[in-house]
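Colleague: Hi! I'm new to this one, could you walk me through it?
Modeller: Happy to, let me bring it up.

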Amino acid sequence: MLKKQDNVTVRHSLNSRICHWIMALSFFYLLYSGVMIFLHFPELYWGKVGFQGYPAIFKLEDWGISWELAERLGDRRWGRNYHYLFAWVFVINGLVYLLWNGVRKDFYLKIFPRFSELSFKNIKRVFIFQIRFSVKNDVSMPGYNVIQKLCYVFVLFILFPFMIISGLAQMPAFTAISPELIDLFGGRQTARTLHVICSLLLVVFFIVHLVQVFASGAVTQVRTMVTGSYVGSKSEMKVQ
Ligand code: HEM
């Protein structure tokens, strides 16, 4: 929370809001174009080598979608164009977000959990609150709860950088100047498989994020993310 005035709670700074919506748009295109690329080669391998007929750790065929059908559904050329375009948008937007917010102390207070919040008992209590949807209108509450903070830290500081590094490990233009990156993963196929697994984790995060937005009032939440402020009575409930 940045500032309170009677019944107005300022929840999101201007830079967070701009970066949030740019990130949402680029995530949508990265996921969509990533699926289009994947469908062109719907198998995953571990290590250095992977081609049709080679032992795979995942085959879309095993889920009832043949190579031919997958290829018809996908569009690698379109996918690559948009994936590379939005990878730039994603990376630049992420850097702007970190540089813009990294100099502000309240950013760390807002995103990182305090030690006192990290006890198992507290996390369990908040989790039960969350799955029962006991927290109505939590836009009026001061700050994020411990589970939200842990999720945001995991996504912002672990999953997003990992997507960038594993993406770079698949780019011949980049690995030509830095082949150690492929060795770091133990092979391009491992980097690709981990890139896809992390995409799925991001999809899980995205679904839970949307469920929370709808459960706590989609219109109010979206308006708050557009205007930055929540107008209304403040909840008495504190879940930290
Ligand atoms: C954060 C959101 C992202 C998602 C959800 C995502 C998802 C995917 C998926 C599903 C694939 C298909 C894997 C395959 O079959 O080869 C893929 C490929 C790829 N991604 Fe991402 N990605 C994201 C971000 C990035 C970023 C930031 C970069 C750049 C640093 C990147 C670089 C690549 C590359 C180079 C490929 C291989 C494309 C090809 O074969 O031509 N991705 N991504």
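Colleague: At what angle do helix 1 and helix 3 pack?
Modeller: This is a predicted model, to start with. In it, helix 1 (residues 14–40) and helix 3 (residues 76–102) pack at about 155 degrees, and their axes are 8 Å apart. Since angles over 145 count as roughly antiparallel, helix 1 is roughly antiparallel to helix 3.

Colleague: Nice. And is the crossing left-handed or right-handed?
Modeller: Left-handed, for helix 1 passing helix 3.

Colleague: What classes of residue are in the contact of helix 1 with helix 3?
Modeller: That contact has 16 nonpolar residues, 10 polar ones and two charged ones.

Colleague: Let's switch to the ligand. How many residues surround it?
Modeller: There are 24 around the ligand, and the closest are Leu-30, Gly-34, Phe-38, Ala-87 and Gly-167.

Colleague: Which helix gives the most to that shell?
Modeller: Helix 1 does, with seven residues. Helix 3, helix 6 (146–168) and helix 9 (188–215) each supply at least two, as does helix 1.

Colleague: And how does the shell around the ligand split by class?
Modeller: The shell has 16 nonpolar, six polar and two charged residues.

Colleague: Now the whole chain: how many helices and strands does it have?
Modeller: The chain has 10 helices and five strands.

Colleague: What share of the residues is buried?
Modeller: Of the 240 residues in the chain, 19% are buried.

Colleague: Last one: what percentage of contacts with a separation of 6 or more link residues 24 or more positions apart?
Modeller: In this chain, such residues account for 76% of those contacts.

Note on methods: Residues are numbered from 1 along each chain as its sequence is written. This is a predicted model: local features need pLDDT of at least 70, side-chain atom pairs count only at pLDDT 80 or more; totals for chains, interfaces and linings use all residues. Axes are lines fitted to C-alpha atoms, for helices over the stretch in contact, and angles run from 0 to 180 degrees between N-to-C directions. Helices (H or I, at least four residues) and strands (E, at least two) are DSSP runs, numbered from the N terminus. Angles under 35 degrees count as roughly parallel, over 145 as roughly antiparallel, 65 to 115 as roughly perpendicular and the rest as oblique. A crossing is left-handed if the near helix is turned anticlockwise from the far one by less than a right angle, and right-handed if clockwise. Ala, Val, Leu, Ile, Met, Phe, Trp, Tyr, Cys and Pro count as nonpolar, Asp, Glu, Lys and Arg as charged, and the others, Gly among them, as polar. A residue is buried if 20 or more other C-beta atoms lie within 10 Å of its own, exposed if 12 or fewer, and partly exposed in between; C-beta atoms are placed from the backbone. Two residues are in contact if their C-beta atoms, placed from the backbone, lie within 7 Å. A residue is near a molecule or strand if its C-beta atom, placed from the backbone, lies within 6 Å of it.
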